[in-house]
Amino acid sequence: MPEPTPVPPLDGKIALVTGATRGIGKGIAIALAAAGATTYLTGRSTTSSDITDPISGTLADTQSAIKAAGGTCLICQVDHSNDTQVEQLFQRIKEEQNGQLDLLVNNVYGGVRAIRKQAGKPFWASEASLWDACNNVGLRSHYIASRCAAQLMVPRQQGLIITISSWGGLAPIFGVAYGTGKSACDRLAAEMAVELKPHNVTSISLWPGIVGTEHITEFVEQSNDDNPQMNMMRTKFNWESPLFVGRVIAALAAQPNTMLLSGKLQIAAELAKKYSVVDEKDNQPASMRSLKYLLQSVLPKLQEHTGLIPDIRIPWWILLLTILNAPKL
């Protein structure tokens, strides 16, 4: 693995991370702010008095972590299912930053509780509301936020919109509503890239690997589901941390010409390898479509010999067949 290099500074950049009270969003916000970007954070819970789920974090928690990392942030209590609140958020950024917004990270997602509640049920046995839970504050809210962001970025002829998606858009993992929404997020990013290209605004879809967020950790540990995909998720040796994903995004945002990537699906671990990004433990997780990840996932004993397996990509169709037909661990 190449020697890790410091994340280039983002001084003077204005960033917005949606859904930054916990999990991936929190890690992204910390990394961007630590790199020097003035970072706006959104979430529904400002302080502990707003929390309804014991796993949920707060904007105040993320703000404290950012201060500890030496960064600057502004917290914004926003319900992304409310278009008026979202529009007011972007109006605030426009007024406070003289119309400047360099980076939008579409991360907010409202389907976790519903997915956990309906886990193991086929779509016809699940509540119809599962679709809205997965794709309202998720796919739809990403579209609304991107629309508002583009109104600030296009006049300045620069900007980067990153939509957090998932390998669940490639293969079944959390059910029909989830997978369809993630696949649509990829399409959303690609379609936006076409219309934004003449205005020098980049749009990409980013796939983290399996990230050890609060909800994912508890979900995997408590799940009795014994399907191949869940078994692969239980293999924690190659989990990514929220801060790792954030550092990848910070490194990407610092690149001089992100338009070269616009409209293309990006894998967080592969960008990390390209930009020499490591996590807080100086690890660099392998891409989920690498031979190293695949072999160590299906043959756990190989995890003891990680340095002997080449970190090379495999074709998507082989990955898909492997996921669907992986033996149980």
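The following exchange explains several structural terms as they apply to this predicted model.

Guide: Local features of this predicted model need pLDDT of at least 70, side-chain atom pairs count only at pLDDT 80 or more, and totals for chains, interfaces and linings use all residues. Residues are numbered from 1 along each chain as its sequence is written, and side-chain values use heavy atoms, with hydrogens and water left out.

Visitor: Why are helix 9 and helix 10 called oblique to each other?

Guide: The axes of helix 9 (residues 242-253) and helix 10 (residues 268-275) cross at roughly 60°. Angles under 35 degrees count as roughly parallel, over 145 as roughly antiparallel, 65 to 115 as roughly perpendicular and the rest as oblique; the two helices are therefore oblique.

Visitor: What makes the contact of helix 9 with helix 10 nonpolar, polar or charged by class?

Guide: Phe 244, Val 248, Ala 251 and Leu 252 in helix 9 meet Ala 268, Ala 269, Leu 271, Ala 272 and Tyr 275 in helix 10, where contact means heavy atoms within 4.5 Å. Ala, Val, Leu, Ile, Met, Phe, Trp, Tyr, Cys and Pro count as nonpolar, Asp, Glu, Lys and Arg as charged, and the others, Gly among them, as polar. The contact thus has 9 nonpolar, no polar and no charged residues.

Visitor: What makes helix 10 mostly covered?

Guide: In helix 10, 6 of its 8 residues are buried, that is, under 20% relative accessible area (exposed is over 50%, partly exposed in between; 1.4 Å probe, protein chains only). These buried residues pack against strand 6 (201-207), helix 9 and strand 7 (265-267).

Technical notes:
Axes fitted to C-alpha atoms, helices over the stretch in contact; angles between N-to-C directions. Helix = DSSP H or I, 4+ residues; strand = E, 2+ residues; numbered from the N terminus.
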